[in-house]
Amino acid sequence: MAVDLFAGIPVNDYPAALDWYERLLGSPAAFVPNDREAVWELAEHRYVYIELRPGRAGHALHTVFVDDLDARIAGITGRGVEPTSRETYSNGVRKVTYRDPDGNEIGFGGAPL
């Protein structure tokens with residue numbers, strides 16, 4: 001069974017969110033279906049998108065597990081976005097969390113060192 005994933009993130013200020021996610025993800029949106037949404041393809045058939053939804057923003061919780069967490073975090077930092085927290089779980093798995101201007105949580109996880 002083929003699976004496509006679209007993980008949505010409601011935002012209050014579309015232009016501010018668009019800028020922030022471009023810096024977080026390191027590229028412009030893969031496509032913009034309308035003037036309220038922008039979509040990034042994280043991996044084949046796996047997307048994250050922002051959508052202008054005033055009053056619903058700030059409650060998204062997404063974690064993306066990546067092959068090279070340190071390189072990903074260095075790239076994000078180089079684009080001027082700083083994490084809000086860093087964790088290492090008892091099994092060694094690491095997670096670095098960011099919060100967008102609305103408070104939505106986007107985390108990046110990585111395997112133990």
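Okay, let's start with a histidine. His45 is partly exposed, with a relative accessible area of 33%. What caught my eye is the backbone: phi of His45 is near 65°, so to speak on the positive side for a residue other than glycine. As for where that is, His45 sits in the loop between strand E3, residues 37–43, and strand E4. Keep in mind that this is a predicted model.

Just past that loop we get to the aromatics. How many aromatic pairs are there? The count comes to five. Let me take Phe6 and Tyr47, whose ring centres are 4.5 Å apart with the planes at 10°, so that pair is stacked. In sequence these two are 41 residues apart, with Phe6 in strand E1, residues 5–11, and Tyr47 in strand E4, residues 46–52. Buried or exposed? Tyr47 is buried, at a relative accessible area of 13%, while Phe6 counts as partly exposed at 42%.

Tyr47 has another ring to deal with, and that's Phe31. Here the centres are 6.1 Å apart and the planes are at 75°, so this pair is edge-to-face. Phe31 belongs to strand E2, residues 31–34, and Tyr47 to E4, so the pair ties together parts 16 residues apart in sequence. Phe31 counts as partly exposed, at 36% relative accessibility. Put it together, and ring pairs link Phe6, Phe31 and Tyr47 into a cluster.

Okay, on to the sheet. Which strands are in it, and in what order? It's an open sheet of four strands, E5-E8-E7-E6, with mixed pairing. E5, residues 61–65, and E6 stand at the edges with a single partner strand each, so one side of each has no neighbour in the sheet. From one strand to the next, the twist averages 20°.

Now look at E7 and E8. These two pair in the antiparallel sense over six bridges. To pick out one of the bridges, Arg94 has Gly110 as its partner in E8. Helix H1 lies across both E7 and E8, and runs at about 5° to E8.

Staying in E8, let's zoom in on Glu105, which is found in that strand, residues 105–110. Is that glutamate buried or exposed? Glu105 is buried, with a relative accessible area of 14%. What does its side chain do? There's a polar contact of 3.1 Å between the side chains of Glu105 and Arg99. Leaving out residues up to four places away in sequence, Glu105 touches Ala60, Leu61, His62, Lys95, Thr97, Tyr98 and Arg99.

Last stop is helix H2, residues 69–78. Which residues are buried there? Those are Leu69, Ile73 and Ile76. If you look down the axis of H2, its buried residues fall within an arc of 60°, so they line one face of the helix. And what do they pack against? The buried residues of H2 pack against helix H1 (14–25), strand E6 (85–88), strand E7 (94–99) and E8. After H2 comes Gly80, with a positive phi near 85°.

So, to recap: an aromatic cluster of Phe6, Phe31 and Tyr47, an open mixed sheet in the order E5-E8-E7-E6, and H2 with its buried residues lined up on one face. That's my tour, and I'm happy to go back to any of these spots on the screen.

Note on methods: Residues are numbered from 1 along each chain as its sequence is written. This is a predicted model: local features need pLDDT of at least 70, side-chain atom pairs count only at pLDDT 80 or more; totals for chains, interfaces and linings use all residues. Side-chain values use heavy atoms; hydrogens and water are left out. Buried means under 20% relative accessible area, exposed over 50%, partly exposed in between (1.4 Å probe, protein chains only). A polar contact is a pair of N or O atoms within 3.5 Å; within protein, one must be able to donate a hydrogen and the other to accept it, and residues adjacent in sequence count only if both atoms are side-chain atoms. Contact means heavy atoms within 4.5 Å. Rings of Phe, Tyr and Trp (its six-membered ring) pair if their centres lie within 6.5 Å; planes under 30 degrees apart count as stacked, over 60 as edge-to-face and the rest as tilted. The arc is that of the directions from the helix axis to the C-beta atoms. Two strands pair if DSSP finds at least two bridges between them. Axes are lines fitted to C-alpha atoms, for helices over the stretch in contact, and angles run from 0 to 180 degrees between N-to-C directions.
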